[in-house]
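Got your viewer open? Keep the selection box handy, and let's walk through this structure one stop at a time.

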Amino acid sequence: MVSSPPPPYSSGNMDPNPTRRILGLGFWIQGLRCLPWMAINFFLKDGLHVDPSTLQLLQNSANLPMVGKPLYGVVSDAVYISGQHRIPYIAIGAFLQAVSWLAIAILSPSGISIVTLSLCLLLSNLGASIAEVANDAIVAEIGKQPALPPKNSQSYSSGELQSFVWIASSAGGVLGNLLGGIAINIYGPQAMFLFFSLAVAVQLFIIITVRESSLNLPKSSSRVGIRKQLSELSVALQKPEIAYSITWLAASNAIIPSLTGTMFFYQTQYLNINSSVLGISKVFGQAAMLLWSVIYNRFLKSVPSKKLIAAIQGVMAAFMLSDVLFVKGVYRSMGVPDLLYVIVFSGLLEVLFFFKILPFNILIAQLCPSGCEGSLMALVASATALSFIVSGYLGVALSSFVGVTGSDFSGFPCALLIQAVCTLLPIYWSSCIPDDKKPESRSKNE
């Protein structure tokens, strides 16, 4: 049975403004995507018997559709379908995901080639990126509206709505990782693909029953064409505070060689850690994301984004240095079990990469000019996706350089040390991130 986020209203009446319901479900599904992707790791390693470099290459290459998010954002801003320009794109994205994962689930395991699997993964990520663009645009549009009196339950501040969707995404991640860790060994990866396909199909059927007018999105005075939308996006990027911020975010990720594929093989092949432990580790990370969203919303919204993001970058480097000690067996010699380290520290490090995205997205939403919310938020997501792809390719090159293979991890500590040093470098140019901008002063200027 497919679980879903709790309804935002306790009343038995139908919610006249289903914004939270639609966004909550959409971001919950985004978080749940970790379920089939965890299964893909085991399917590639145990089913297709690929090596760490090949696994990481396939993972990162499958993310290429995410780079096209600016185009999807421009299209969703400019091209209306039946008078709507957000809901139809969420439906299209859900349909593509449901079809692609269903295809992987029903194909015979012996008949699935790497090429066929790659095409299905590309189609899935195309659908996910289209849906994410529309969801992010809705959040940006609503977050830019002036706050109404507290009595009005339809008003949401930018930080409040960002935190809500962050929690929804994290909740989906917790469920996906918990199910994946426990059920992969019992039912196999393809059962996980089928489950996720059905979950996205449920989202699709719910989405097509909603009219976009019920979301109370800001009304545009006139619809603009794609060329005009591109022009407005270009004008937005000419603002130094926007261009420099996006450049820093992308560079801060791209410069770090990702070693996730190598660490996955080290934990499962060398340490013989099973999927349930990895699932619990990821659940721990998702729980940390939930806690982070609450802490940020209650205590850290007043902290300058620049300082907060730079601090997170420093914490990431510290955790990577800790990984060096872990691989060298220092913690093991101190009596710390490998399982405990994987659950706690590996789970936290995996999500630390995303901690800085919450304050960054809120900052960009404040700086975003009216009319190109979808395009600009899509560009941010695209830059982030491209940076992670570059990071993954750099990780493959680094692993090969130090001689790490599926059975030889002697050079792994050196690779982790290089990774930690690269993580510290972006802190030195964090001045590219502008100071926070208050919505009130922004609306006056507009």
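Where does Ser 82 lie? Select Ser 82 and you land in the loop between α4 (69–78) and α5 (87–106).

Before we go on, a bit of housekeeping. This is a predicted model, so local features need pLDDT of at least 70, side-chain atom pairs count only at pLDDT 80 or more, and totals for chains, interfaces and linings use all residues. Residues are numbered from 1 along each chain as its sequence is written, and side-chain values use heavy atoms, with hydrogens and water left out.

**Stop 1: two loop residues**

Stay on Ser 82. Its phi is positive, about 55 degrees, although Ser 82 is not a glycine. Ser 82 counts as exposed, at 59% relative accessibility. (Exposed means over 50% relative accessible area, buried means under 20%, and partly exposed is in between, using a 1.4 Å probe and protein chains only.)

Now select Asn 272, in the loop between α11 and α12 (275–300). Asn 272 is not a glycine either, yet it has a positive phi of about 60 degrees. With 62% relative accessibility, Asn 272 counts as exposed.

**Stop 2: the helix just before**

Asn 272 comes just after α11, so step back and select residues 260–270, which are helix α11. Is α11 largely enclosed or left open? Eight of its 11 residues are buried, so the rest of the structure largely encloses α11. Among the buried ones to colour are Phe 264, Phe 265 and Tyr 266.

**Stop 3: the whole chain**

Zoom out. The protein chain has 19 helices and zero strands. (Helices are DSSP runs of H or I with at least four residues, strands are runs of E with at least two, and both are numbered from the N terminus.) Of the 446 residues in the chain, 55% are buried. Take the contacts between residues at least 6 apart in sequence: 86% of them join residues at least 24 apart. (Contact means heavy atoms within 4.5 Å.)

**Stop 4: a link across the sequence**

Select Cys 34, in helix α2 (residues 34–47). Which residues does Cys 34 touch, not counting those up to four places away in sequence? They are Gly 173, Gly 176 and Asn 177. Add Leu 178 too: the C-alpha atoms of Cys 34 and Leu 178 are separated by 10.0 Å, while the two residues are 144 residues apart along the chain.

**Stop 5: a pair of helices**

Show α15 (residues 338–355) and α16 (residues 357–367), which pack at an angle of about 10 degrees with their axes 6 Å apart. (Axes are lines fitted to C-alpha atoms, for helices over the stretch in contact, and angles run from 0 to 180 degrees between N-to-C directions.) That makes α15 roughly parallel to α16; angles under 35 degrees count as roughly parallel. Colour the residues that make the contact: Phe 353, Phe 354 and Phe 355 of α15, and Ile 357, Leu 358 and Pro 359 of α16.

**Stop 6: a hidden space**

Rolling a probe the size of a water molecule over the atoms shows where empty space is left. This structure holds two cavities of 30 Å³ or more. (On a 1 Å grid over the protein atoms alone, a cavity is a set of points where a 1.4 Å probe fits but cannot get out; lining residues have an atom within 4 Å of a point.) The second largest has about 40 Å³ of space. To find it, select residues from its lining, including Gly 26, Arg 33, Glu 132 and Gln 203. Which helix gives the most to this lining? That is α6, with four residues.

Methods. Angles under 35 degrees count as roughly parallel, over 145 as roughly antiparallel, 65 to 115 as roughly perpendicular and the rest as oblique. On a 1 Å grid over the protein atoms alone, a cavity is a set of points where a 1.4 Å probe fits but cannot get out, and a pocket is an open set with protein on both sides within 12 Å along at least five of seven lines; lining residues have an atom within 4 Å of a point. Grid points are joined across faces, edges and corners, and a volume is the space filled by probe spheres set on the points.
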